[in-house]
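Open your viewer and keep the selection box ready. This tour goes stop by stop.

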Amino acid sequence: MFLLCALAGGAADSLMRFQNEIDACAAKGGGVVEIPAGTHESDALVLKSGVTLRLAEGAVLRAKTTSAAYAPTEGHAFILTEHADNVAIEGPGVIDGAGDAFPDGSLEVYQQPRLVWFRDSRNVR
């Protein structure tokens, strides 16, 4: 059984909202952070152990088109998980990393930013 950790609010709240929900959910031992229907622009997100990111039908999670939208790691990532267990991304919604907004070399890396990167993590689904 998962704890649903989503908060009410609209697209205007989403810049820090989803990371705050992920952090709170992980602090409670894990659960589900629901991205509701609609388009939500966000900076980079870091998933943590025990957290499932669920995108509802009609949800679009879109990266901001600035370098802040990508976690500052080797190669940058919009959604990053490092050294975590039991993490998941699920649901029929869309993750739009806006990678085409960043020409080669614009983030001081040698490749386009990563959309999702599960690094040194286990039980990923």
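Is histidine 83 buried or exposed? Select histidine 83: at 60% relative accessibility, histidine 83 counts as exposed. Here buried means under 20% relative accessible area, exposed means over 50%, and partly exposed lies in between, with a 1.4 Å probe and protein chains only.

**Before you go on**

This is a predicted model, where local features need pLDDT of at least 70, side-chain atom pairs count only at pLDDT 80 or more, and totals for chains, interfaces and linings use all residues. Residues are numbered from 1 along each chain as its sequence is written, and side-chain values use heavy atoms, with hydrogens and water left out.

**Stop 1: the whole chain**

Show the cartoon. The chain has one helix and ten strands. Helices (H or I, at least four residues) and strands (E, at least two) are DSSP runs, numbered from the N terminus. Follow the chain along its sequence and you read α-β-β-β-β-β-β-β-β-β-β.

Now switch on the surface. About 6500 Å² of the chain is exposed, and carbon and sulfur atoms supply 53% of that area. Accessible areas come from the Shrake-Rupley method with a 1.4 Å probe; for residues, only the protein chains shown count as cover. Of the 125 residues in the chain, 40% are buried.

Contacts come next; a contact means heavy atoms within 4.5 Å. Take contacts between residues at least 6 apart in sequence: 63% of them join residues at least 24 apart.

**Stop 2: the core**

Which residues have the most contacts inside the largest nonpolar core? Select Leu53, Leu61 and Ile79. The core has 15 residues. The elements that give two or more residues to this core are α1, β1 (31-35), β4 (51-55), β5 (59-63) and β6 (77-82). A nonpolar core is a set of buried Ala, Val, Leu, Ile, Met, Phe, Trp, Tyr and Cys residues joined through side-chain atoms within 4.5 Å.

Stay on leucine 53. Leave aside its neighbours within four places in sequence. Leucine 53 then contacts Val33, Ile35, Leu47, Leu61, Ile79, Ala88, Ile89 and Glu90.

**Stop 3: the helix**

Select residues 14-27 to see helix α1, then pick out glutamine 19 within this helix. Glutamine 19 counts as buried because its relative accessibility is 12%. What does the side chain of glutamine 19 reach? It reaches the backbone nitrogen of valine 46, at 2.6 Å. Show the neighbours too: beyond four places in sequence, glutamine 19 touches Ala44, Leu45, Val46 and Lys48.

**Stop 4: aspartate 43 and its partners**

Move to the loop between β2 (38-42) and β3 (45-46), where aspartate 43 lies. Aspartate 43 is buried, because its relative accessible area is 18%. Its side chain makes a polar contact of 3.3 Å with the side chain of lysine 64. A polar contact is a pair of N or O atoms within 3.5 Å; within protein, one must be able to donate a hydrogen and the other to accept it, and residues adjacent in sequence count only if both atoms are side-chain atoms.

Add phenylalanine 78. Aspartate 43 and phenylalanine 78 are 35 residues apart in sequence, yet 7.3 Å apart in space, C-alpha to C-alpha.

**Stop 5: aspartate 96**

Find aspartate 96 in strand β8 (residues 94-96). Aspartate 96 is partly exposed, with a relative accessible area of 28%. Not counting residues up to four places away in sequence, aspartate 96 touches Val60, Leu61, Arg62, Ala63, Phe78 and Leu115. Measure its C-alpha to that of lysine 64: they are 9.5 Å apart in space and 32 residues apart in sequence.

**Stop 6: histidine 76**

Look in the loop between β5 and β6 for histidine 76. Histidine 76 counts as buried, at 12% relative accessibility. Leucine 115 is 39 residues away along the chain, and the two C-alpha atoms are separated by 8.5 Å.

**Stop 7: two positive phi angles**

Go back to histidine 83, in the loop between β6 and β7 (85-90). Its phi is positive, about 55°, although histidine 83 is not a glycine. Then select asparagine 123 in strand β10 (residues 122-124). Asparagine 123 also has a positive phi of about 55° and is not a glycine. Asparagine 123 is exposed, with a relative accessible area of 54%.

**Last stop: a charge over a ring**

Select arginine 114 and tryptophan 117. The charged end of arginine 114 sits over the ring of tryptophan 117, 3.9 Å from its centre. A charge sits over a ring if NZ of Lys or CZ of Arg is within 6 Å of the ring centre and within 35 degrees of the ring normal.
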